[in-house]
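Thank you all for coming; I would like to take a few minutes to walk through one structure with you. Please have a look at it first, and then I will go through the parts one at a time.

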Amino acid sequence: MVGVIELGYLGLNVTDINAWREYATSCIGLEIAESDQDDRFYLRMDQQHHRITVFQSDQDDMAYMGWRVKGLEEFKTMIQQLTDAGVEHRVATPEETQERHVLGLIKLNDPSGTANEIYYSPQVDVMKPFHPGRPMYGKFVTGDQGLGHVLIRSDDNEAMYNFYKLLGLFGSIEYRIDMPDGAVAQPLFMSCNDRQHSIAFGLPGMVERLNHLHLQYTEFDDLGISHETIRNKGIDVAMQLGKHANDQLYTFYSATPSGWLMELGWGNYMKPEAQEHYKGDIFGHAVEASGYGLDLDI
Ligand SMILES: [Fe+2]
């Protein structure tokens with residue numbers, strides 16, 4: 001059995017591509033790399049050709065997420081693993097594979113219909129150092145932890161868990177959150193490397209596929225500058241600065257030009273000896289702007 005080793009790239013469909021150019025660079029510090037196709041641009045976080053592709057679209061949602069396997073042999077084994085499990089998938093054409101700047105590509109949907117891709121060998125532009133879109137003291141945490149994490153829609157938590165377990169992710173319920181209607185939300189968090197989680201799902205009431213994308217800074221001051229920039233621009237903050245119980249990161253949640261949230265963070269994660277779950281966070285994370293799908297009292 002092989003497993004994916006990182007959430008390596010994302011595709012985002014956006015209705016206002018120019019607003020994204022401004023937000024991604026000045027608010028976050030990502031680097032823009034132009035494409036030779038008019039309908040998209042790339043965002044870099046490190047020396048990989050790109051981590052995010054932003055597409056001009058008539059909708060605002062995640063287009064796909066890409067999971068990396070170690071190499072060619074793991075890629076072949078993954079194809080067999082999906083076939084043996086009866087999971088519908090297809091190996092992408094050479095043109096589709098080249099479009100993602102990887103050497104091998106599988107396309108498949110999760111049980112909620114979200115497009116997933118599994119790939120090996122991304123293009124790494126070693127001759128082109130990461131050049132942030134605004135001055136930064138440090139970098140983004142990527143490397144063997146991938147680009148960050150996403151909180152996505154789940155139509156069936158058990159089916160989602162089994163699907164992502166087959167891809168090689170591990171995890172469980174990590175919060176039991178009392179909701180205003182008396183229900184208890186029990187989001188699941190799954191990991192495939194040293195990042196505490198690469199994917200989370202199980203919040204009720206989601207319509208779009210993506211609730212938030214999390215990116216992590218190596219330097220605390222870069223988080224502070226992002227926070228100040230976003231405040232100065234009058235952009236909504238859905239959850240104020242606070243520290244999560246599970247990944248122990250100091251984060252806040254800003255609205256993006258697409259209406260979903262960007263969780264920017266900094267900190268160090270210490271893994272517990274065995275599974276734990278939480279009723280709330282360490283401090284902060286109060287709801288400020290409501291209606292972004294995170295009106296949670298944690
Ligand atoms: Fe998050």
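Let me begin with His149, which is buried in this predicted model, its relative accessible area being 3%. His149 is one of the protein donors of the iron ion, and it acts through NE2, alongside His212, also through NE2, and Glu263 through OE, with these donors lying 2.1 to 2.2 Å from the metal. His149 sits in strand β9, residues 149-152, while His212 sits in strand β15, residues 210-216, so this pair ties together parts of the chain that are 63 residues apart in sequence. Written as a pattern, the spacing of the donor residues is H-x62-H-x50-E. His212 is likewise buried, with a relative accessible area of 5%.

Now to the nonpolar interior. The largest nonpolar core comprises 58 residues, and within it Trp67 and Tyr164 have the most contacts. Helix α1, residues 17-28, is the element that gives the most to this core, contributing six residues. Because domain 1 (6-122) and domain 2 (143-284) both supply residues, this core lies between them. There is also a second, separate core of 20 residues, which includes Leu151, Ile177, Tyr253 and Tyr292.

Finally, I would like to turn to Asn193, which is placed in the loop between β13 (188-191) and β14 (199-201). Is Asn193 buried or exposed? With a relative accessible area of 17%, Asn193 counts as buried, since the cut-off for that word is under 20%. Its side chain reaches the backbone oxygen of Asp144 at 3.3 Å, and, leaving aside residues up to four places away in sequence, the residues that Asn193 touches include Ile5, Glu6, Gln145 and Ser198.

Terms used
Residues numbered from 1 in each chain as written. Predicted model: local features only at pLDDT ≥ 70, side-chain atom pairs only at ≥ 80, totals over all residues. Heavy atoms only, no water. Helix = DSSP H or I, 4+ residues; strand = E, 2+ residues; numbered from the N terminus. Buried < 20%, exposed > 50% of the residue type's maximum accessible area, 1.4 Å probe, protein only. Polar contact = N/O pair within 3.5 Å; in protein donor to acceptor, adjacent residues only side chain to side chain. Contact = heavy atoms within 4.5 Å. Donors = N, O, S within 2.8 Å, 3.2 Å for Na, K, Ca; no water. Core = buried A, V, L, I, M, F, W, Y, C linked by side-chain atoms within 4.5 Å. Domains from an automatic or database assignment.
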